[in-house]
Amino acid sequence: MNKETFPTFTLDGKTIPFTAGQTLIQAAMAAGVYIPHLCFNPEFKPHGSCKICTVKADGRHTSSCTHQAQDGMVVESNTQEINDERRALLQMLFVEGNHFCPSCEKSGNCQLQATAYEMNMMSPHFDHFFPDRPLDASHPDYLLDFNRCILCSLCVRASRDVDGKNVFALSGRGISSHLIVNAKSGLLADTGFSGDDKAAQVCPVGVILKKRVGFAVPIGSRSFDEQPISATPHPVPAAATLPPHPQGACPVGPRSKAATLPPHPTVKGT
Ligand code: SF4
Ligand code: FES
């Protein structure tokens with residue numbers, strides 16, 4: 001098909017072609033343009049919950065992962081106003097959980113951390129909630145650290161839609177929302193979860209961790225240490241603990257050794 005025949009919209013002034021049914025973020029990714037996002041993963045139906053991907057489309061705020069592209073639309077994404085809003089959302093995510101990045105196995109491969117760097121988040125701004133969330137180390141091969149869950153539902157979607165297991169679910173509402181494991185005991189060991197599951201590979205933060213491989217790749221040599229998340233619109237993660245990802249599967253991408261990395265906002269001794 002001749003490229004000239006595609007309908008287009010503009011994203012921060014750049015012309016983006018799209019095909020019928022594509023969302024704004026899908027078209028942007030296809031064109032190699034980064035829109036910050038957390039709960040979106042190109043392999044799954046959008047969830048539309050984190051709102052990090054919010055853009056202004058024809059003057060109205062909307063989630064770019066759920067909003068279908070329309071011919072002639074004028075979309076703003078990388079603006080001071082929208083990035084300020086994204087930063088505030090990120091700050092809320094950081095204080096709502098316990099994100100102690102320097103001691104986290106996912107540091108340098110974490111999409112939340114990398115997006116916070118991308119948005120120049122220098123402090124948590126809000127008071128920390130410091131929720132009390134016990135770990136689940138019951139499974140022989142995997143650990144769940146609920147402290148880091150951002151409720152993106154990717155593990156829920158992967159387990160339900162790909163693995164056919166329904167191992168994970170989100171429970172509660174509002175500030176009481178939390179991730180649960182589908183077993184009477186509430187323990188991962190009592191589910192059918194396996195390291196081969198798609199659900200074992202999709203967590204953008206450090207909740208679902210493989211045991212006995214922690215820090216195999218030192219912090220400083222990880223994906224987002226190499227280049228910023230914005231540099232990889234179709235990123236393939238290189239998490240030390242994860243098997244190779246199918247191409248274009250996961251929104252996690254690398255951060256640069258760029259000298260400009262700010263001190264992480266949520267440093268806390270453990
Ligand atoms: S465990 Fe990870 S993948 Fe699952 S909802 Fe929480 S942050 Fe998302
Ligand atoms: S709402 Fe679009 S990435 Fe989360």
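**Figure 1. Strands E3 and E4 pair in the antiparallel sense over four bridges.** Welcome to the first close-up of this predicted model. Within the pair, Thr54 of E3 has its bridge partner in E4, namely Ser63. Helix H2, residues 80-96, packs on the sheet here and touches both E3 and strand E5 (74-76). The direction of H2 makes about 150 degrees with that of E3. Now look at the loop between E3 (54-57) and E4 (60-63), where you will find Asp58. Asp58 is not a glycine, yet its phi is positive, at about 50 degrees. Is Asp58 buried or exposed? Asp58 counts as exposed, because 12 other C-beta atoms lie within 10 Å and the cut-off for exposed is 12 or fewer.

**Figure 2. Five strands make an open sheet with mixed pairing.** Reading across the sheet, the order is E2-E1-E5-E3-E4. Which strands stand at the edges? They are E2 and E4; each has a single partner strand, so one side of each is left without a neighbour in the sheet. On average, neighbouring strands of this sheet are turned by 35 degrees against each other, with direction ignored. As a reminder, strands of a sheet pair through backbone hydrogen bonds, in either the parallel or the antiparallel sense.

**Figure 3. Strands E1 and E2 form a hairpin with two residues between them.** E1 covers residues 8-11 and E2 covers residues 14-17; the two pair in the antiparallel sense over four bridges. To find your way along the pair, start at Phe9, whose bridge partner in E2 is Ile16. Then follow the chain into the turn, where Asp12 has a positive phi of about 50 degrees.

**Figure 4. Strands E7 and E8 form a hairpin with six residues between them.** E7 (residues 168-171) and E8 run antiparallel and are joined by four bridges. Phe168 stands opposite Val181 in E8. In the turn, Gly172 has a positive phi of about 85 degrees. Which side chains of E8 (residues 178-181) point to the buried face? Leu179 and Val181 do, while His178 and Ile180 point to the other face and are not buried.

**Figure 5. Helix H3, residues 111-118, is largely enclosed by the rest of the structure, because eight of its eight residues are buried.** If you step along H3, the buried residues are Gln111, Leu112, Gln113, Ala114, Thr115, Ala116, Tyr117 and Glu118. What do these buried residues pack against? The partners are helices H2 and H5. Just after H3 comes Asn120, with a positive phi of about 55 degrees.

**Figure 6. Helix H4, residues 154-162, has buried residues that include Leu154 and Cys155.** Also buried in H4 are Val156, Arg157, Ala158 and Ser159. Strands E7 and E9 are among the elements that cover the buried residues of H4. Following H4 is Gly164, whose phi is positive, near 65 degrees. Leu154 also takes part in a long-range approach: Leu154 and Glu43 are 111 residues apart in sequence but 9.8 Å apart in space, C-alpha to C-alpha. Glu43 has its place in the loop between helix H1 (24-30) and E3. Glu43 is partly exposed, with 19 other C-beta atoms within 10 Å.

**Figure 7. Ligand 1 has 14 residues around it.** Which of these residues come nearest? They are Cys149, Cys152, Cys155, Cys203 and Val207. Cys155 is also one of the buried residues of H4. By residue class, the shell holds 13 nonpolar residues, one polar and no charged.

**Figure 8. Phe215 lies in the loop between strand E9 (208-210) and helix H5 (223-226).** Here is another residue to check on a backbone torsion plot: Phe215 is not a glycine, but its phi is positive, at about 60 degrees. Phe215 is exposed, with 12 other C-beta atoms within 10 Å.

**Figure 9. The whole chain has five helices and nine strands.** To place the close-ups, read the elements from the N terminus on: β-β-α-β-β-β-α-α-β-α-β-β-β-α. Of the 270 residues in the chain, 45% are buried. Among contacts between residues at least 6 apart in sequence, 67% join residues at least 24 apart.

Terms used
Residues numbered from 1 in each chain as written. Chains lettered and ligands numbered in written order. Predicted model: local features only at pLDDT ≥ 70, side-chain atom pairs only at ≥ 80, totals over all residues. Buried ≥ 20, exposed ≤ 12 C-beta atoms within 10 Å, placed from the backbone. Near = placed C-beta within 6 Å. Nonpolar A, V, L, I, M, F, W, Y, C, P; charged D, E, K, R; others polar. Pairing = 2+ DSSP bridges. Axes fitted to C-alpha atoms, helices over the stretch in contact; angles between N-to-C directions. Contact = placed C-beta atoms within 7 Å.
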